[in-house]
Amino acid sequence: FRCHFPVPTVIVGALDTSQVFDYALTANEHPEKYGPVIALDSIESCFDAAKIQQRRIQREKISIRQSFSKSKRTRSGANLFYGVRFYLICWARFAKLARFIRQETRFPKTGLVFRRFKGDLDARINARDHLEHFEERLPGGKNHSKLAVPSDLVNMANQHLTYGGRRVDIGPDNMRLMKTIHYEFIDAVL
């Protein structure tokens, strides 16, 4: 069945995406439909988790500013970096699951979306990798010499995480980017 007229956004928004995806894969006699369906459901979970982490990051930044204004010593900086790390884990999982769906289904539109945002996705995967293997980047660690700027182990500059001379947006604009990628990818799947 192919629809030759635009489906209203209200109807598409009311659909259970995973269920529609399951029906589409069944209709196309996809040999292994459960993997892609589980991956799509997991993408939804990653997106929801990223929204929660983004709110936590913003709260931690406010807490840090308040502690500096009151000259209090807190561990908020550590909490901020853990929040960023978990946020980037959401991004990396989202990207890897989208790649899995693209490879498994070979839906042309999913490939277009993935290619369009590949640089954005790869940048967040690389940042996550840096934070996950931070001890390897420390002076004396096996990957310290691979950093373009070895003194930039990990820092925050406004809405950006910097590490090794790289810079990645992790602020509210970045969450809007994830929302755009999420929407376009789900649209491509449907």
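## Cysteines without a bond

A disulfide is a pair of cysteine sulfur atoms within 2.5 Å. With that in mind, take a look at this predicted model: a search of the whole structure turns up 0 disulfides. Why do C46 and C90 not form a bond? The sulfur of C46 has its closest cysteine sulfur in C90, and at 6.0 Å that is too far for a bond. Going the other way, the closest cysteine sulfur to that of C90 is in C46, again 6.0 Å away and too far.

Both cysteines are tucked inside. C46 is buried, with a relative accessible area of 8%, and C90 is buried too, at 9%.

## The nonpolar core

So what sits in the middle of things? In soluble globular proteins, nonpolar side chains tend to be buried together. Here, the largest nonpolar core has 44 residues, and F21, V84, I101, L121, L161 and I170 are the ones with the most contacts inside it. Several elements chip in with at least two residues each, including α2 (17–27), α3 (34–69), α6 (118–132) and β2 (160–163). The largest share, 12 residues, comes from α4.

L121 makes a handy example. Setting aside its neighbours within four places in sequence, L121 is in contact with W91, F94, A95, F114 and I181.

## A helix with two sides

Which residues of α2 are buried? They are T17, S18, F21, D22 and L25. Looking down the axis of α2, these buried residues fall within an arc of 135 degrees, so they line one face of the helix. Flip to the other side of α2 and you find Y23 and A27, which are exposed.

Just past the end of α2 comes E29, which takes a positive phi of about 50 degrees.

## A hairpin

Strands β2 and β3 (residues 166–169) pair in the antiparallel sense, over 4 bridges. One of the pairings joins Y163 to R166, its bridge partner in β3. Between the two strands of this hairpin there are 2 residues, and G164 has a positive phi near 55 degrees.

## A hidden histidine

Is H130 buried or exposed? H130 is buried, with a relative accessible area of 1%. You'll find H130 in helix α6. Not counting residues up to four places away in sequence, H130 touches R137, L147, L153, V154 and Y163. You've met Y163 already: it is the residue whose bridge partner in β3 is R166.

Methods: Residues numbered from 1 in each chain as written. Predicted model: local features only at pLDDT ≥ 70, side-chain atom pairs only at ≥ 80, totals over all residues. Heavy atoms only, no water. Core = buried A, V, L, I, M, F, W, Y, C linked by side-chain atoms within 4.5 Å. Buried < 20%, exposed > 50% of the residue type's maximum accessible area, 1.4 Å probe, protein only. Contact = heavy atoms within 4.5 Å. Pairing = 2+ DSSP bridges. Arc of directions from axis to C-beta.
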